[in-house]
Amino acid sequence: MAEMGSKGVTAGKIASNVQKKLTRAQEKVLQKLGKADETKDEQFEQCVQNFNKQLTEGTRLQKDLRTYLASVKAMHEASKKLSECLQEVYEPEWPGRDEANKIAENNDLLWMDYHQKLVDQALLTMDTYLGQFPDIKSRIAKRGRKLVDYDSARHHYESLQTAKKKDEAKIAKAEEELIKAQKVFEEMNVDLQEELPSLWNSRVGFYVNTFQSIACLEENFHKEMSKLNQNLNDVLVSLEKQHGSNTFTVKAQPSDNAPEKGNKSPSPPPDSSPAATPEIRVNHEPEPASGASPGATIPKSPSQSSLPAVVVETFSATVNGAVEGNAGTGRLDLPPGFMFKVQAQHDYTATDTDELQLKAGDVVLVIPFQNPEEQDEGWLMGVKESDWNQHKELEKCRGVFPENFTERVQ
């Protein structure tokens with residue numbers, strides 16, 4: 001009998017909930033159609049908008065903080081692997097081996113401590129902060145349902161009062177239900193009206209504490225890590241002193257701004273000073289050739305004015321039959337095809353095997369490209385004068401270099 005009674009209560013409660021849902025749905029339809037007025041509270045709606053905004057921002061912050069922690073953990077693992085590699089290659093007889101191992105251990109401990117403090121002082125605080133939102137969100141939704149119940153009860157009571165045939169018993173019952181619905185709604189409404197503004201204002205202090213904690217932890221971490229790195233550097237300096245004769249020279253690698261092979265573009269001079277541009281000349285005064293009168297010049301065609309200096313010089317000199325040093329005209333000390341000299345105004349670090357390494361003051365003998373189509377705008381082919389005087393081997397010494405790092409001297 002007790003079981004049947006229990007089932008009866010449960011069934012009744014289910015039926016009551018279904019009826020409430022139907023009544024609310026009907027009330028919402030009437031309100032949307034404009035056949036029933038809806039109780040509005042603009043101040044509360046603004047509080048709800050702030051709440052949703054605060055929840056969205058907090059959720060994003062939590063996600064980004066977890067990503068940050070994952071990155072710290074990944075960096076810890078990478079640093080640990082690097083330290084293990086150093087320990088493996090550090091030979092037993094080298095000085096400072098024990099110190100290097102101790103530094104590696106402290107490095108690992110420092111990363112672990114940093115990660116754990118981030119979890120304790122930032123992530124857990126973040127989780128606690130967001131933990132209050134689900135309950136309040138549920139209560140806001142429940143308040144909305146109770147407001148619909150209140151409006152529905154109010155409309156039902158008003159309709160009974162305005163009916164032509166009044167049923168006092170039904171009116172009394174409707175009034176009782178209206179008072180009950182109003183009481184439930186107002187209790188929830190008052191509580192939320194107090195909590196939502198307080199929660200909204202708390203965001204400032206929370207953001208300040210969270211980011212201050214992260215900033216302080218990161219600052220201390222980098223300070224301690226800097227000390228360890230300095231200690232490691234001291235150990236390696238000691239190792240270098242003992243094996244100084246075998247110092248490894250690091251070769252400069254191409255940077256992102258360096259010209260790519262096959263599509264070179266000149267780099268700007270280091271001091272941004274205007275580099276001299278070789279003068280474009282198409283008129284030469286060569287030795288009279290057979291059938292040519294002294295002082296003959298090559299007419300400049302309209303297209304020549306836009307050609308690179310090297311192409312114009314080579315073209316003009318070749319037509320006049322006076323490519324210096326290539327026809328045995330008394331310039332045998334210069335490389336074949338020599339055109340003019342330039343002097344490096346700035347250091348230039350070669351980024352490819354076909355480039356010249358220049359120091360400020362180096363003199364370069366400019367020669368034409370074997371295949372003019374291979375010349376990129378702003379680049380010259382040449383051989384350093386010192387290399388040519390020493391080796392006289394053009395194939396081994398020649399290379400390309402950026403024109404704007406040099407100035408023509410002859």
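Strand β2 (residues 363–367) is largely enclosed by the rest of the structure, because 4 of its 5 residues are buried. That makes β2 a good place to start a tour of this model, which is a predicted one.

**The strands around β2**

β2 has a pairing partner in β1 and another in β3. With strand β1 (residues 340–344), the pairing is antiparallel and runs over 4 bridges. Val 342 and Val 364 are bridge partners in this pairing, with Val 364 belonging to β2. With β3, the pairing is again antiparallel, over 4 bridges. Here Val 366 has Gly 382 of β3 as its bridge partner.

Which strand holds Lys 384? Lys 384 belongs to β3, which covers residues 379–384. Is Lys 384 buried or exposed? Lys 384 counts as buried because its relative accessibility is 17%, and the cut-off for buried is under 20%. The side chain of Lys 384 reaches the backbone oxygen of Gln 357 at 3.0 Å. Gln 357 also appears among the residues that Lys 384 touches, together with Leu 356, Leu 358, Asp 362, Val 363 and Val 364, when residues up to four places away in sequence are not counted. Two of these names should sound familiar: Val 363 and Val 364 fall within the residue range of β2.

The loop between β2 and β3 is home to Gln 375. With a relative accessibility of 16%, Gln 375 counts as buried. Its side chain reaches the backbone oxygen of Trp 379 at 3.0 Å.

**A lysine with a positive phi**

A little further along the chain is Lys 392, in the loop between α7 (385–391) and α8 (394–397). Most residues other than glycine have a negative phi. Phi of Lys 392, however, is positive, near 55°. Lys 392 is partly exposed, with a relative accessible area of 42%.

**Aromatic rings**

How many aromatic pairs does a search of the whole structure find? The search finds 10. In one of them, the rings of Tyr 129 and Phe 206 count as stacked, because their centres are 3.8 Å apart and their planes meet at 5°. This pair links distant parts of the chain: Tyr 129 is in helix α3 (residues 97–131) and Phe 206 is in helix α5 (residues 168–242), 77 residues apart. Both Tyr 129 and Phe 206 are buried.

Another pair, Tyr 348 with Phe 405, is edge-to-face, because the planes are at 70° and the centres are 5.2 Å apart. This pair also joins distant parts of the chain, 57 residues apart, with Tyr 348 in the loop between β1 and β2 and Phe 405 in the loop between β4 (399–402) and β5 (406–408). Tyr 348 and Phe 405 are both buried.

Tyr 129 and Phe 206 have further company, since one aromatic cluster is formed by Phe 51, Tyr 129, Phe 133, Phe 206 and Tyr 207.

Some rings have a charged neighbour. The table lists two arginines whose charged ends sit over a ring.

| Charged residue | Ring | Distance to ring centre |
|---|---|---|
| Arg 143 | Phe 44 | 3.5 Å |
| Arg 203 | Trp 200 | 3.7 Å |

**Cysteines**

How many disulfides does a search of the whole structure find? The search finds 0. As for the cysteines themselves, Cys 47 is buried, with a relative accessible area of 12%, whereas Cys 216 is partly exposed, with a relative accessible area of 41%.

**The overall picture**

Now for a step back to the whole protein, which has 8 helices and 5 strands. From the N terminus on, the elements run α-α-α-α-α-α-β-β-β-α-α-β-β. In this order, β1, β2 and β3 follow one another directly, and they are also the strands that meet in the two antiparallel pairings described above.

Of the 410 residues of the protein, 33% count as buried. Contacts across the sequence are frequent in the following sense: among contacts between residues at least 6 apart in sequence, 70% join residues at least 24 apart. The two aromatic pairs described above, Tyr 129 with Phe 206 and Tyr 348 with Phe 405, are examples of links between distant parts of the chain.

Note on methods:
Residues numbered from 1 in each chain as written. Predicted model: local features only at pLDDT ≥ 70, side-chain atom pairs only at ≥ 80, totals over all residues. Heavy atoms only, no water. Buried < 20%, exposed > 50% of the residue type's maximum accessible area, 1.4 Å probe, protein only. Polar contact = N/O pair within 3.5 Å; in protein donor to acceptor, adjacent residues only side chain to side chain. Contact = heavy atoms within 4.5 Å. Disulfide = S-S within 2.5 Å. Pairing = 2+ DSSP bridges. Phe/Tyr/Trp six-rings, centres within 6.5 Å; stacked < 30°, edge-to-face > 60°. Lys NZ or Arg CZ within 6 Å of the ring centre and 35° of its normal.
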